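Visitor: I have a model open and some questions about it. Can we go through it?

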Amino acid sequence: MKQYFSRKILIYLLTFFLAVTIDWMIPRFMPGDPILNMLTRVSVSSNATAIEHMYQYYSHLFGLDVPLWQQYLNFWGSLFKGDLGLSSYIFPTPVSKVLLRAVPYDIFLLVPAILLAWYAGNKFGAFAARSKWLDNTVSPVGYVLTATPYMWLGILLAYFFGIVLGIFPIAGAYSFSLTPNLSLKFIVSVLHHWFLPFVSLFLVEFGGWAIGMRNMIIYELEADYSHYLGALGAPKKLIRKYAFRNAILPQITGLALKLGVVVAGALVTEVVFSYPGIGYLLLAAIQNQDYFLIQGCFLFIIIGVLLANFIIDIVYIIVDPRTRRGMAGEAA
Amino acid sequence: MKNKNEFLYFSLRNRKLVASLIIILFFLILGIIGPTIDQTDPFEYINPLGSSPPSKEYWFGTTFFGQDVFAQFVSGLRAAFLVGTIGGGIGTLIGMLIGFTAGYRGGIIDEILSSFTNIVLVIPTMAVLLIIAAYLDVRSITTESILIGITAWPWTARAIRAQTFSLRTREFVDLAKLSGMKAYKIIFSEIAPNMMSYLVLAFILQFGGAILNAATLDFIGLGPTNSISLGLMMQYSVLWGALQFGIWWWFIPPGLAITTIVGALYIMNVGLDEVFNPKLREM
C-alpha cells in the first residue's frame, strides 16, 4: 500500500510538473508574438518608435526580457507565491483573486452534479440491467444522453424552461437585484439560478454512468462466481448485490478518467447560463485576449482535476480491500 | 472468402448496425452534396429582414443577421465529418503506435510509455486544447482536428497496450519471432489483424469524441476562424440572443445533428461488437 501511494503521488507530481511546463511553454513557443498582438490590437498610433518602447516596457513587465531558463524558474517561483499575474480584462485585479472569486461557483455546480449523476446512474443502470422492458428504454436513452453536447442540452433547457415557460432564470448565479447575504430570499435565488445548469450537467453524465453500469452488471452476472452462487440457490437479490460491488470498482476508476470531460462540460454549460464560474471567466478571457487569465484558468482546472483524482484514489483504497493488502488491485 | 460473407451476413442482420449506418450515411451525404447543391455562402447576409423562421425559400430559416441556416448547417456537417476523420484518425494512430510499442516491447520501454500515457490521461485535454488554441491567431478546421487528435490518444493507447500484452505471448507470435521477422512486421501482420475489431471500435469512439470535443472548443470561442461549424453555429446563436428572441431554428439543427451522429456512432459500436463477438449476438 505504501508503494501504491508513493507511486501515485509521484505520478501526480510529474503530471503537475508537466502541466505547469506546458502552461509556461505555450505562450513562449507558439508562432506569433502575444505582446506584439496585444500592441497592434490596442494601439492606434503607427509610430514605430512608440511601439518599440511599448514593446520593451511590456516585455519587461511580463518578465520576458530575461533568458528562458530564468523565465522558467521565475514562473515556478511566482506560482508558489500565488502570483499568477494581473488580469488585463479586469485590470488591475490579480488573476488569482479573479479566479478565487469564481471557484466557489464551480465547486457548487460540479461536485453535486458529478456525485449525484454517478450515484444515480450506477443505481439505475444496475437496476435496468437484465430487465427486458427497462433495458430497452434505458439503453437508447442513455446512449442519446451521452452523445448530447453539454451546451446543446443547456441551450434547450434554457430555452424551454427559461424563455418559453419562463419559470427559471437563464443568466447569473443570483438575481441581479440582490446583494449576497445569508437571507432566505438570497439562498432561494441562488438555488433557483443553480438548478438548470445543474440539471443539464447531471443528465449528460447520468446517461454515461447508467450505460456503463448496465454493461458491467451483465458482464458480472455472467462470471463464474455468479453462476456458482446461483447454483447454490442464493437469491437473485444477493447475487446482484455481489455483482454490483464488483462492477462499481471500474466505475470509480472511470470517474477519475472522466473528470476532464465533465470539467469541459461545465465550462460550456456555464457559458450558456452566464454562470460566473471559471468557464464563463474563460470565455471572457478568450474574447478579450487576456492571456494571464487564460493561463490561470488552465492551472486552476489542472489543480482541481488532480486533487479530485487523488481523492478518488483514496476512496478506491477504502473500497477495494485488495489494494490495501498489497495485492495489485485494478487501478494499481 | 466464406469469412467475409459471414461478416456481411451478421452485419446486415444486426438492426442496430444497419439503422446507425443509415443515419450516419444520411448526414454524410447531406454534408457532401449539401454545399454543392445549395451554393449560398454560409456567412452571406441574404435575408434583409434578419431572422425569419423556416420557409420554402430558407429551408431552416435565417439567423439574426439574415444568414441562411441551412447553408451553415450543411457546411457544418462537412466540418464535423472532417474533424471526426482527421482528429479520430490521428488519435487512433498515435494510440496504436504507443500501445503497440509499449505492449510488445514490455520492460523499461513499457514502463516509460505507460507512465507517460497515465500522466497525459489525467491532464484534462480540453484545458490543454484551450490554451493552445487561444494562442493561435488563425485556426482552420484541419488545425483544430490535428490538435484534437494529438490530445485524444491516451485511453486508446492504454487499451491497445493491454490487448497487445495478452497477444504477444501466443504461439503464433513466438513462431513469427523464431522465423526472424522484424518487430514492426510482427505487430502489423500478426498482432494487429487479431485485434482488428478492437481497432475499428476504438476509431469509431475516437471519431465521435473528436466531434464532441470540436463542438466544445468552438462553443467556447476557440473554433475555426475562417469557416463555419456546428459548434460555432451554437456559439453565435447564444451570443446573439437566439434564446431571447426565440430563434429556435438557429440552435436546434446543429445540436440535434451532433447528438444524432454521435449517438448513432455509439450504437453502431454496440452493433459491431455483437457482429465481431459471437457471444453477444442475440439469437
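Guide: Start with D313(A): at 9% relative accessibility, D313(A) counts as buried, because the cut-off is under 20%. Keep in mind that this is a predicted model.

Visitor: Which side chain does D313(A) meet in a salt bridge?

Guide: The partner is K8(A), with an N to O distance of 3.6 Å. K8(A) sits in helix α1 of chain A and D313(A) in helix α12 of chain A, so the pair ties together parts that are 305 residues apart in sequence.

Visitor: How many salt bridges are there over all chains?

Guide: The structure holds 4.

Visitor: What does K16(B) pair with?

Guide: K16(B) forms a salt bridge with E274(B), and the closest N and O atoms are 2.7 Å apart. Helix α2 (residues 15–37) of chain B carries K16(B) and helix α12 of chain B carries E274(B), so this pair ties together parts that are 258 residues apart in sequence.

Visitor: Is E274(B) buried or exposed?

Guide: E274(B) is buried, with a relative accessible area of 10%. K16(B), on the other side of the pair, is partly exposed at 30%.

Visitor: And where does R161(B) go, which acid does it meet?

Guide: The side chain of R161(B) meets that of D110(B) in a salt bridge, 2.6 Å from N to O. R161(B) is in helix α7 (residues 154–167) of chain B and D110(B) in helix α4 (residues 107–122) of chain B, so the link joins distant parts of the chain, 51 residues apart. R161(B) is partly exposed, with a relative accessible area of 24%, whereas D110(B) is buried at 7%.

Visitor: Switching to the interface. How many salt bridges does the rule find across chain A and chain B?

Guide: It finds 1. E111(B) forms a salt bridge with R7(A), and the closest N and O atoms are 3.3 Å apart.

Visitor: How many residue pairs are in polar contact between the two chains?

Guide: The count is 2 residue pairs, with both residues at pLDDT 80 or more.

Visitor: Which helix gives the largest share of the chain A side?

Guide: That is α1(A), with 10 residues of the side of chain A that touches chain B. By type, the residues on that side divide into 38 nonpolar, 8 polar and 2 charged.

Visitor: What area is buried between the chains, and how much of it do carbon and sulfur atoms give?

Guide: About 4,200 Å² is buried between chain A and chain B, and carbon and sulfur atoms give 81% of that. The contact takes 48 residues from chain A and 44 residues from chain B.

Visitor: Give me a polar residue to click on. What does Q295(A) touch?

Guide: Leaving aside neighbours within four places in sequence, Q295(A) is in contact with D23(A), W24(A), P27(A) and F75(A), and also with I131(B) and Y135(B). Q295(A) lies in helix α12 of chain A and is buried, with a relative accessible area of 8%.

Visitor: Now the packing. How many residues are in the largest nonpolar core?

Guide: It has 157 residues, and those with the most contacts inside it are F219(B) and I220(B). Helix α10 (residues 236–272) of chain A gives the most to this core, 17 residues.

Visitor: What does I220(B) touch?

Guide: Not counting residues up to four places away in sequence, I220(B) touches L267(A), V268(A), V271(A), L282(A), L283(A) and I286(A), together with L130(B) and Q235(B). Apart from the largest core lies another core, of 13 residues, among them M96(B), F100(B), L167(B) and L199(B).

Visitor: Back to chain B as a whole. How many helices and strands?

Guide: Chain B has 12 helices and 0 strands. Its C-alpha trace spans about 75 × 45 × 30 Å along the principal axes. Of the 283 residues of chain B, 54% count as buried. Among contacts in chain B between residues at least 6 apart in sequence, 72% join residues at least 24 apart.

Visitor: One last residue. Where does A264(B) lie?

Guide: A264(B) lies in helix α12 (residues 248–276) of chain B. At 4% relative accessibility, A264(B) counts as buried. Beyond residues up to four places away in sequence, A264(B) touches S20(B), I23(B) and I24(B).

Methods. Residues numbered from 1 in each chain as written. Chains lettered and ligands numbered in written order. Predicted model: local features only at pLDDT ≥ 70, side-chain atom pairs only at ≥ 80, totals over all residues. Heavy atoms only, no water. Core = buried A, V, L, I, M, F, W, Y, C linked by side-chain atoms within 4.5 Å. Buried < 20%, exposed > 50% of the residue type's maximum accessible area, 1.4 Å probe, protein only. Helix = DSSP H or I, 4+ residues; strand = E, 2+ residues; numbered from the N terminus. Contact = heavy atoms within 4.5 Å. Buried area = accessible area lost by both parts, 1.4 Å probe. Polar contact = N/O pair within 3.5 Å; in protein donor to acceptor, adjacent residues only side chain to side chain. Nonpolar A, V, L, I, M, F, W, Y, C, P; charged D, E, K, R; others polar.
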